[in-house]
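Hi,

Here is the structure I promised to send over. Have a look at it first, and then read on for what I found.

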Amino acid sequence: MEALGKEASGSGCIYFTGGASALLIGWRNSTVDIDIRLDPEPSGILKIKDRRIDNEFQ
């Protein structure tokens with residue numbers, strides 16, 4: 001999240017949703033993915049996120 005925040009062009013909040021939120025509050029022990037909501041969503045953030053994910057799995 002820090003790396004994603006450093007590349008964002010503006011301010012805003014990142015909210016964890018779905019399995020990630022269940023993990024954080026103790027309803028689950030693990031999750032297969034992390035769902036996030038950006039508010040407001042900075043322009044171009046999805047391209048940054050996709051590029052970072054692609055780099056992590058190469």
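Leaving aside residues up to four places away in sequence, which residues does M1 touch? Before I get to that, please keep in mind that this is a predicted model, with everything below computed from it.

So, M1. This residue sits in the segment before α1, and its contacts, not counting residues up to four places away in sequence, are I14, F16 and I36. For I14 you can also look at the backbone: the two residues are 13 apart along the chain, and the C-alpha atoms of M1 and I14 are separated by 8.5 Å.

Now the overall layout. The chain has three helices and two strands, and if you walk along the sequence you meet them in the pattern α-β-α-β-α. There are 58 residues, of which 14% count as buried. Contacts between residues 24 or more positions apart make up 43% of those with a separation of 6 or more. As for the surface, the chain exposes about 4700 Å², and 52% of that comes from carbon and sulfur atoms.

Next, the pockets. A general word on how one looks for them: rolling a probe the size of a water molecule over the atoms shows where empty space is left. The one I want to point you to is the second largest pocket, with a volume of about 170 Å³. It is lined by 14 residues, and G5, A8, G10, G12 and I14 are the closest to its centre. You will recognise I14 from the contacts of M1. Three elements each give two or more residues to the lining of this pocket: α1 (2–7), β1 (13–17) and β2 (35–39). Sorted by class, the lining has nine nonpolar residues, four polar ones and one charged.

Last, the charges. Side chains of opposite charge can pair when their charged atoms come close. How many salt bridges does the structure hold? Just one, formed by the side chains of R37 and D39, at 3.8 Å from N to O. Is this pair buried or exposed? Something in between: R37 has a relative accessibility of 46% and D39 a relative accessible area of 36%, so both count as partly exposed.

If you open the model, I would start with M1 and its contacts I14, F16 and I36, and then go on to the R37 and D39 salt bridge.

Cheers

Notes. Residues are numbered from 1 along each chain as its sequence is written. This is a predicted model: local features need pLDDT of at least 70, side-chain atom pairs count only at pLDDT 80 or more; totals for chains, interfaces and linings use all residues. Side-chain values use heavy atoms; hydrogens and water are left out. On a 1 Å grid over the protein atoms alone, a cavity is a set of points where a 1.4 Å probe fits but cannot get out, and a pocket is an open set with protein on both sides within 12 Å along at least five of seven lines; lining residues have an atom within 4 Å of a point. Grid points are joined across faces, edges and corners, and a volume is the space filled by probe spheres set on the points. Helices (H or I, at least four residues) and strands (E, at least two) are DSSP runs, numbered from the N terminus. Ala, Val, Leu, Ile, Met, Phe, Trp, Tyr, Cys and Pro count as nonpolar, Asp, Glu, Lys and Arg as charged, and the others, Gly among them, as polar. Buried means under 20% relative accessible area, exposed over 50%, partly exposed in between (1.4 Å probe, protein chains only). Contact means heavy atoms within 4.5 Å. Accessible areas come from the Shrake-Rupley method with a 1.4 Å probe; for residues, only the protein chains shown count as cover. A salt bridge is a side-chain nitrogen of Lys or Arg within 4 Å of a carboxyl oxygen of Asp or Glu.
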